[in-house]
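Please look over the structure below before reading on. This briefing then walks through a few of its local features.

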Amino acid sequence: MTQNMFQEGLYQVFVKDTPSTSSPSTPVSTDDEDIFNVRIHRWFGTVVNTRVLVAGAIQILGALACILSTVTHACVSYNCSVSMTTPVWSSLSYVAAGCLAMEVQRKADQLKVITLMGLNIFSLLFGFAALLANSVSSTEPVPLSTKEQRAGSYVAKGSYIAFTVQCFLASVYILFLSWKGLRRYSPTHIQAYRNLSQQNQDETNGPLLEQEELNL
């Protein structure tokens, strides 16, 4: 009688309770989002470490230097023509992207990372358009009488181009790290991992349930 009670208990545990536990759970969206945010924060905090922070600082410093050199070049060569200060506005978007990169390094989540990628893409396109607009501008430069003025104009022009390229490279690097983190810890991969774990668990429990049914 004791053996029959023991077998009946095993039957209740392994057979009757199994369908409810092995059925796929529906409320996974919130859990997946929380897991994704934790993992993406860990990605930027430990794997990426301070590289996004450094790239954001490079963006901010490069953008500020680009603003200064652009204004200097416009005032020396074009009498402070507003049409020649286009890179100033793209540099402001680089400053915003750099500040957001520092915030993502401090506390990363999915919304911040996607916003960071979008802002960097916008900054890349805006910066390229600003350089192109300056190169095809019809504004005539003022004649420079001394060698010092001409040298200063060339240095200022080369400086804002170099700092813009620096911001370009920092944006591309941040985009690469952000995309890699989103791809590595996407909810699709988390769900696939859960399905694989559930399948392995079902394959492990299958022979045990069959054996219990045969014993009963």
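What follows covers one helix pair, one serine and a group of charged side chains. The model is predicted. Helix α5 spans residues 86-106, and helix α7 spans residues 147-184. S93 lies in α5. E103 and R106 are in α5 as well.

**Helix α5 against helix α7**

- The axes of α5 and α7 come within 11 Å of each other. They cross at roughly 35°.
- The crossing of α5 past α7 is left-handed.
- On the α5 side, the contact is made by P87, Y94 and A101. On the α7 side, Y160, C167, F168, S171 and I174 take part.
- The residues of this contact are 7 nonpolar and 1 polar, with no charged residue.

**S93 in helix α5**

- Is S93 buried or exposed? S93 is buried, because its relative accessible area is 8% and the cut-off for buried is under 20%.
- The side chain of S93 reaches back to the backbone oxygen of S90, at 2.5 Å.
- Which residues does S93 contact, leaving aside neighbours within four places in sequence? They are L119, F122, S123 and F126.

**Salt bridges around E103**

- How many salt bridges are there by the rule used here? The count comes to 2.
- One salt bridge joins E103 to R106, with the closest N and O atoms 2.7 Å apart.
- E103 and R106 are 3 residues apart in helix α5, so about one helical turn separates them.
- E103 also meets K112 in a salt bridge, at 2.7 Å from N to O.
- E103, R106 and K112 are thus named together as a network of salt bridges.

**Exposure of the E103–R106 pair**

- E103 is partly exposed, because its relative accessible area is 25% and this class lies between the cut-offs of 20% and 50%.
- R106 is exposed, because its relative accessible area is 58% and the cut-off for exposed is over 50%.

**To locate in the view**

- For the helix crossing, find Y94 of α5 and F168 of α7, which are among the contact residues.
- For the buried serine, find S93 and then S90, whose backbone oxygen the S93 side chain reaches.
- For the network, start at E103 and trace to R106, then from E103 to K112.

Key:
Residues numbered from 1 in each chain as written. Predicted model: local features only at pLDDT ≥ 70, side-chain atom pairs only at ≥ 80, totals over all residues. Heavy atoms only, no water. Axes fitted to C-alpha atoms, helices over the stretch in contact; angles between N-to-C directions. Helix = DSSP H or I, 4+ residues; strand = E, 2+ residues; numbered from the N terminus. Left-handed = near helix turned anticlockwise from the far one by under 90°. Contact = heavy atoms within 4.5 Å. Nonpolar A, V, L, I, M, F, W, Y, C, P; charged D, E, K, R; others polar. Buried < 20%, exposed > 50% of the residue type's maximum accessible area, 1.4 Å probe, protein only. Polar contact = N/O pair within 3.5 Å; in protein donor to acceptor, adjacent residues only side chain to side chain. Salt bridge = Lys/Arg side-chain N within 4 Å of Asp/Glu carboxyl O.
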